[in-house]
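This text walks through one structure, moving from a loop to the sheets and then to the side chains that pack around them.

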Amino acid sequence: MPDPTNQRDPLLRQLKSAFGYGTFRPLQRAIIEASLAGKDVFALLPTGGGKSLCFQLPALVREGLTVVVSPLIALMKDQVDALQASGVAATFLNSTLGAAESRARLAGLHRGEFRLLYAAPERLMLDGWQENLKAWNVACLAIDEAHCVSEWGHDFRPEYRQLARLRTLLPGVPLMALTATATERVRADIITHLKLREPEVFVASFNRPNLTYRVLPKDQPLKQIIDFVRKREGECGIIYCASRATAERVAESLAGRGFLARAYHAGLDAEERARNQEQFLRDDTRIICATIAFGMGINKPNVRWVIHHDLPKNIEGYYQETGRAGRDGLPGDCLLLFSPGDIAKQTHFLDEITDAHEREVARAQLRQIVHYAENAACRRAELLEYFGEKFPLDNCGACDNCLEPRETYDGTLAAQKFLSCLYRIAQAGGFSVGMNHITEILTGADTDKIRRWGHDRLTTYGIGREFSKSQWSGIGRELMRLGYVGVATGEFATLELTPEGLAVLKSRTPITLTKPMDLPQAKRIAARREGDIACDEILFERLRGLRKKLADERRVPAYIICGDNTLRALARYYPTAESALEGIPGLGEKKRAEFGAAFTAEIAAYLATNSRQSFADA
């Protein structure tokens with residue numbers, strides 16, 4: 001028997017007939033009605049919130065063509081396949097198509113055969129396309145992943161800025177901008193740069209109540225991942241890695257232990273990438289180990305967990321990637337493995353960004369994700385606050401900090417030492433310095449900069465030897481979170497006392513600090529990692545690259561050249577002459593004679609643009 005409500009409600013009827021749903025999700029109807037009324041629309045719906053339906057359903061109701069701007073080929077194919085399976089006349093045009101197929105689709109568009117066209121922004125800007133768009137009776141422009149227009153977004157794409165020209169080309173066509181992640185600043189950027197005219201703005205809650213958030217100190221990450229996955233055999237998950245090499249290594253290690261795991265990154269050829277993605281979508285592969293190139297626009301509802309092997313670059317990216325878990329509304333687990341060493345790696349890469357403004361934006365974003373990883377407060381509340389939303393409860397019951405609150409301690413003395421050091425530096429030289437230099441002063445390091453600037457004569461020099469440099473960095477970052485230390489704007493991310501910091505310094509106000517995540521586990525970690533050598537992690541990675549090159553030239557495995565313990569020792573002691581290689585483990589005379597010059601030259605080249613790090617007993 002037909003539903004009388006559906007008969008009276010054409011939108012609900014279309015929803016049911018084309019997509020098989022009996023009700024709209026929050027905000028969907030209001031967004032659709034605003035667009036059908038000819039208004040510009042800005043819509044922010046979280047991953048899994050039904051964003052695509054907001055432009056797909058109106059395309060079936062109104063006359064004309066809806067052009068969907070999409071940044072990823074995978075997203076286009078995924079959505080067009082789903083639409084065609086639902087009987088919707090949709091197509092896409094991108095670089096994967098041959099010339100004959102592109103011509104056939106263009107001819108179909110000229111004949112008015114399609115309701116939706118998916119295309120990349122750069123294609124719409126090509127010469128000749130202005131005439132096409134004018135000829136195709138375009139009824140709506142939908143800009144998907146609209147955060148790409150903002151340099152403050154997590155995935156800025158300059159070509160998105162050009163889309164504003166479509167406003168001039170098609171002045172009477174309503175425009176819809178959609179995203180799953182955008183701060184208030186990014187929202188304003190999108191509205192401005194896309195030239196939306198008095199848009200109807202819809203912002204859904206960012207809260208994903210079915211997701212659990214956890215951060216663990218990174219310690220033997222592969223073992224941590226295997227322990228995690230073993231408890232979830234049969235479930236599908238994604239492991240995000242910062243580099244292609246790590247994605248490959250983790251996938252191979254998991255596959256070697258019997259897990260159905262494959263890698264996905266831009267370094268694979270298109271055929272293998274597509275095959276791995278297809279196997280994951282079909283559940284033939286349970287685990288994808290990927291760089292951030294994977295997942296955007298992939299509507300796989302049964303991803304049960306997401307692991308971040310490395311620190312993400314920013315909170316928007318982290319939120320979007322974790323959002324790929326539990327899209328079906330069932331529980332999902334999100335685990336971030338965090339190491340302060342990841343901060344150093346990211347900072348090194350950021351320092352190589354040549355554009356000063358872009359570098360400053362990236363640094364600010366990195367500080368925010370580090371704040372999230374180290375903070376002892378509710379992780380859900382932290383995520384929502386970042387996007388301008390207040391979580392109404394004191395305890396979410398579904399993050400590590402709420403389930404297992406961390407210990408605090410009286411950090412007044414430590415805070416006084418750190419803040420005093422900042423004060424004395426500014427007083428002595430009239431300029432501010434970075435976190436690394438402050439920790440070196442507090443721990444009494446003997447460096448060129450300390451001697452050159454006379455900082456070994458400060459009263460705060462060496463007063464913090466009870467903590468390591470990394471521990472002082474953690475204390476400094478917590479004082480930043482508390483608002484007592486600020487980061488100066490400009491070319492260098494130097495630290496300075498805030499007015500609040502100066503006030504607590506002078507008044508000696510008691511300050512409570514949180515014990516870092518790794519302190520309770522320090523002894524167990526030390527026992528498990530006995531013999532591991534602290535070293536310059538960035539140099540270590542460079543030496544690993546050199547070792548691989550030497551091994552490839554000789555067509556032998558890398559360990560034939562030397563082991564990781566050798567590379568870590570090289571990255572700890574910085575020998576720049578072959579005579580200084582004496583005593584480096586794993587380098588006998590023959591290897592010193594054969595490889596010594598290459599390793600010492602690499603270290604010297606590194607030191608030409610990077611300062612030495614100091615290590616206890618080094």
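Gln220 sits in the loop that runs between β8 and α12 (221-230). The model is a predicted one, and in it the phi angle of Gln220 is near 50 degrees, a positive value in a residue other than glycine. With a relative accessibility of 32%, Gln220 counts as partly exposed. Leu27 can be described in a similar way. Its phi is near 75 degrees, again a positive value in a residue other than glycine. Leu27 belongs to the loop between α2 (10-19) and α3 (28-36), and its relative accessible area of 28% makes it partly exposed.

The strand that precedes the loop of Gln220 leads into a sheet. Six strands form this open sheet, with parallel pairing, in the order β8-β13-β12-β9-β11-β10. The edges are taken by β8 (211-217) and β10 (261-264); each has a single partner strand, so one side of each is left without a neighbour in the sheet. From one strand to the next the twist averages 15 degrees. Helix α17 (residues 356-374) packs on the sheet, where it touches β8 and β13 (332-338). The direction of α17 makes about 105 degrees with that of β13.

Within the sheet, strand β9 (residues 236-240) and strand β11 (residues 287-290) run parallel and are joined by 4 bridges. One residue pair can be picked out here: Gly237 has Ile287 as its bridge partner in β11. As a general point, strands of a sheet pair through backbone hydrogen bonds, either parallel or antiparallel.

Parallel pairing is also found around strand β4 (residues 116-119). Strand β2 (residues 65-69) pairs with β4 in the parallel sense over 4 bridges, and the bridge partner of Thr66 in β4 is Leu116. Strand β3 (residues 90-93) likewise runs parallel to β4 and is joined to it by 4 bridges; here Thr91 has Leu117 as its bridge partner in β4. The connection from β3 to β4 involves helix α6 (residues 99-110), and the three elements make a right-handed β-α-β unit.

Are the residues on the two faces of β4 buried or exposed? Both faces are covered: Leu116 and Tyr118 on one side, and Leu117 and Ala119 on the other, are all buried.

The next topic is the aromatic side chains. Counting ring pairs whose centres lie within 6.5 Å, the model has 10 aromatic pairs. In one of them, the rings of Trp129 and Trp136 have centres 5.4 Å apart and planes at 90 degrees, so the pair is edge-to-face. Trp129 is buried, with a relative accessible area of 7%, and Trp136, at 5% relative accessibility, also counts as buried.

Tyr318 and Tyr372 form an aromatic pair of the tilted kind, with 5.1 Å centre to centre and 50 degrees between the planes. Tyr318 lies in helix α15 (residues 315-322) and Tyr372 in helix α17, so this pair ties together parts that are 54 residues apart in sequence. Both tyrosines, Tyr318 and Tyr372, are buried. Tyr372 has a charged residue over its ring as well: Arg379 lies over the face of Tyr372, at 5.5 Å from the ring centre. A similar arrangement involves Arg105, which lies over the face of Phe92 at 4.6 Å from the ring centre. Elsewhere, ring pairs link Phe206, Tyr319, Tyr386 and Phe387 into a cluster.

Helix α15 also contains Thr322. How buried is this residue, and what does it touch? At 1% relative accessibility, Thr322 counts as buried, the cut-off being under 20%. Leaving aside residues up to four places away in sequence, Thr322 touches Leu211, Tyr213, Val306, His308 and Cys334. Among these, Leu211 and Tyr213 fall within β8 (211-217), and Cys334 falls within β13 (332-338). By contrast, Thr322 and Leu422, which are 100 residues apart in sequence, are 37 Å apart in space, C-alpha to C-alpha.

How values were computed. Residues are numbered from 1 along each chain as its sequence is written. This is a predicted model: local features need pLDDT of at least 70, side-chain atom pairs count only at pLDDT 80 or more; totals for chains, interfaces and linings use all residues. Side-chain values use heavy atoms; hydrogens and water are left out. Two strands pair if DSSP finds at least two bridges between them. Axes are lines fitted to C-alpha atoms, for helices over the stretch in contact, and angles run from 0 to 180 degrees between N-to-C directions. Contact means heavy atoms within 4.5 Å. Rings of Phe, Tyr and Trp (its six-membered ring) pair if their centres lie within 6.5 Å; planes under 30 degrees apart count as stacked, over 60 as edge-to-face and the rest as tilted. Buried means under 20% relative accessible area, exposed over 50%, partly exposed in between (1.4 Å probe, protein chains only). A charge sits over a ring if NZ of Lys or CZ of Arg is within 6 Å of the ring centre and within 35 degrees of the ring normal. A crossover is right-handed if, with the strands pointing away from the viewer, the path from the first strand over the helix to the second runs clockwise.
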